[in-house]
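Okay, thanks for coming, everybody. I'd like to walk you through one structure today, piece by piece, so have a look at the screen.

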Amino acid sequence: MLAEDDIKFMRRCLELAISAEGFTYPNPMVGSVIVHKGLIIGEGYHLKAGAPHAEENAIISVKDKALLRDSALYVNLEPCSHFGRRPPCSDLIISMGIRKVVIGTIDSSDKVSGKGKGKLESAGCEVVTGVLEDECRYLNRRFFTFHEEKRPYIVLKWAQSADGFIDIERDKNSGRKPTWIIGKAERVLVHKWRASEQSILAGAGTIRSDNPDLTVRDWTGESPLRLVLSGSGDMGNSQPLFRTIGTNIVFTHNASAHIPDSTIVKIDKDRDSLIQVTEYLYNTGIQSVIIEGGAKVLNNFISTGLWDEARIFYGNKNFMKGIRAPGIKGKIHSVTKFSSSTLKVILNERKGKDMDPIDKFNKYF
Ligand SMILES: NC(=O)c1ccc[n+]([C@@H]2O[C@H](COP(=O)([O-])OP(=O)(O)OC[C@H]3O[C@@H](n4cnc5c(N)ncnc54)[C@H](OP(=O)(O)O)[C@@H]3O)[C@@H](O)[C@H]2O)c1
């Protein structure tokens with residue numbers, strides 16, 4: 001079969017995989033298609049942890065199982081080789097007599113890491129790897145960052161006025177609400193983003209001045225685990241913390257802080273706070289975090305280089321004065337115009353080639 005067809009079928013795997021974005025944690029997003037004589041005869045994707053894997057769903061969807069012996073299975077991530085909540089997909093593929101497997105990228109997590117491919121090859125399967133590899137790694141960048149760098153994938157997000165402020169100057173006691181920089185469409189997109197990440201973090205300054213919900217309301221999906229960074233452990237008058245019921249984790253130097261509805265995680269003053277936050281998230285299996293301000297917290301993440309992508313809305317209005325937006329340098333991944341703002345997505349260049357998919361797999365919309 002032509003390599004062009006491999007690309008076409010792998011792209012379909014990616015389309016299927018992303019249907020479950022935000023729902024598969026701690027598992028990756030995986031899609032699979034089964035191709036017989038150039039035609040797709042089955043397809044499936046992994047819906048959520050504990051549910052059948054993509055390969056299993058694709059195989060189940062094939063009506064005439066006799067065709068499997070003469071078919072190729074495409075999948076964006078190496079089939080698993082171990083017993084988790086599901087039996088190994090490589091065993092299933094072998095038992096169904098599928099002779100060819102085309103894999104987007106190897107699964108670098110300890111449990112798989114080439115073992116699925118090895119199992120298939122030992123059973124006599126022809127295995128092709130690396131089809132749309134950059135796009136396949138990009139799709140599961142949270143999963144790969146978590147397993148390879150032993151920390152969550154970090155997304156920075158903020159909105160700034162045309163003249164570079166994230167807020168106007170507000171008197172703390174005035175009760176004045178923040179000034180919106182973005183419009184309705186961008187807000188819906190932000191809620192979609194929140195539904196895709198496993199946790200969301202804001203600084204105590206933002207909690208004290210805005211007391212934001214940080215929940216998913218304008219999109220379908222679960223709200224991320226809410227995190228606050230506060231050296232002092234003082235949330236001011238914002239009680240209860242996020243107005244809505246849910247779990248909050250407050251990282252603070254103040255071990256005796258009492259904050260309703262919250263778990264207090266003590267961080268040491270003599271070690272970098274952000275390193276301690278990311279270590280905690282890694283140790284509790286959190287694969288991603290979106291940082292939604294404010295300026296001090298965002299600047300901290302930027303200056304320590306602890307970020308993977310930044311999503312910045314540039315509004316149309318000037319504030320003249322206020323709280324300065326952070327400065328950031330990186331590789332521009334995309335620019336999208338809205339009626340009230342322009343969104344720039346910037347990637348941390350340190351991530352290298354695999355974070356800049358040549359195919360520009362459209363993750364955002
Ligand atoms: N336009 C936007 O997208 C956007 C988004 C969010 C917020 N905002 C605006 O940003 C403003 C708030 O920003 P801000 O810079 O004042 O506050 P902030 O960044 O939200 O929070 C700063 C606080 O976080 C804690 N903190 C930060 N780094 C820390 C570290 N390394 N270790 C321990 N604690 C740390 C400290 O808490 P303690 O003081 O408790 O020690 C610090 O005072 C508000 O006006 C808000 O409206 C704008």
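Let me start with one cysteine: Cys-80 is buried, because 25 other C-beta atoms sit within 10 Å of its own. For reference, the cut-off for calling a residue buried is 20 or more. And before I go further, please keep in mind that this is a predicted model.

So where is Cys-80? You'll find Cys-80 in the loop that runs between strand E3, residues 71-77, and helix H3, residues 89-95. Leaving out residues up to four places away in sequence, Cys-80 touches His-53, Pro-88, Cys-89, Ser-90, Val-112 and Gly-116. Now compare that with Val-345: from Cys-80 to Val-345 you go 265 residues along the sequence, and in space the two are 32 Å apart, C-alpha to C-alpha.

That brings me to the domains. The chain splits into domain 1, covering 3-139, and domain 2, covering 144-355. Taken over C-alpha atoms, the domain centres are 35 Å apart. Where the domains meet, domain 1 puts in 9 residues and domain 2 puts in 12. On the domain 1 side, that's 3 nonpolar, 3 polar and 3 charged residues.

Let's look at the sheets, then. One of them is an open sheet of 5 strands, in the order E2-E1-E3-E4-E5, and the pairing is mixed. At the edges you have E2, residues 39-45, and E5, residues 126-129, each pairing on one side only. From one strand to the next, the twist averages 20 degrees. E1, residues 31-36, and E2 are antiparallel, with 6 bridges between them. If you want one pair to click on, take His-36, whose bridge partner in E2 is Leu-39.

There are helices lying across this sheet too. Helix H1, residues 3-17, lies across E1, E2, E3, E4 and E5, and runs at about 145 degrees to E1. Helix H2, residues 54-61, lies across E1, E2 and E3, at about 135 degrees to E2.

Next up is helix H6, residues 141-149. Its buried residues are Arg-141, Arg-142, Phe-143, Phe-144, Thr-145 and Phe-146. And what covers them? The cover includes helix H5, residues 133-139, along with strands E6 and E12. Just after H6 comes Lys-150, which has a positive phi, near 55 degrees.

On to the other sheet. Here 9 strands make an open sheet, ordered E11-E10-E9-E8-E12-E6-E13-E16-E15, again with mixed pairing. The edge strands are E11, at 262-266, and E15, at 331-337, and each of those pairs on one side only. Ignoring direction, neighbouring strands in this sheet are turned by 20 degrees against each other on average.

The strand I'd zoom in on is E8. E8 covers residues 199-203 and runs parallel to E12, residues 288-291, with 3 bridges joining them. One of the pairings there is Ser-199 with Val-289. E8 also runs parallel to E9, residues 225-229, this time with 5 bridges, and there Ala-202 stands opposite Val-228.

Is E8 covered or open? It's mostly covered, with 5 of its 5 residues buried. That goes for both faces: Ser-199, Leu-201 and Gly-203 are buried on one side, and Ile-200 and Ala-202 on the other.

E8 also takes us to the ligand. Which elements supply at least two residues each of the shell around the ligand? They are strand E6 (153-160), strand E7 (165-167), E8, helix H8 (204-210) and helix H10 (295-304). The largest share, 5 residues, comes from H8. There are 27 residues around the ligand, and the ones that come nearest are Gly-203, Gly-205, Gly-231, Gly-293 and Gly-294. By class, the shell has 11 nonpolar, 11 polar and 5 charged residues.

Last stop, H10. Ala-295, Val-297, Leu-298 and Phe-301 are buried in that helix. Now, a quick reminder: an α-helix has 3.6 residues a turn, so residues three or four places apart point the same way. Right after H10 you reach Gly-305, which has a positive phi, near 75 degrees.

That's my tour, and I'm happy to go back to any part of it.

Conventions: Residues are numbered from 1 along each chain as its sequence is written. This is a predicted model: local features need pLDDT of at least 70, side-chain atom pairs count only at pLDDT 80 or more; totals for chains, interfaces and linings use all residues. Two strands pair if DSSP finds at least two bridges between them. Helices (H or I, at least four residues) and strands (E, at least two) are DSSP runs, numbered from the N terminus. Axes are lines fitted to C-alpha atoms, for helices over the stretch in contact, and angles run from 0 to 180 degrees between N-to-C directions. A residue is near a molecule or strand if its C-beta atom, placed from the backbone, lies within 6 Å of it. Ala, Val, Leu, Ile, Met, Phe, Trp, Tyr, Cys and Pro count as nonpolar, Asp, Glu, Lys and Arg as charged, and the others, Gly among them, as polar. Domain bounds come from an automatic or database domain assignment. Two residues are in contact if their C-beta atoms, placed from the backbone, lie within 7 Å. A residue is buried if 20 or more other C-beta atoms lie within 10 Å of its own, exposed if 12 or fewer, and partly exposed in between; C-beta atoms are placed from the backbone.
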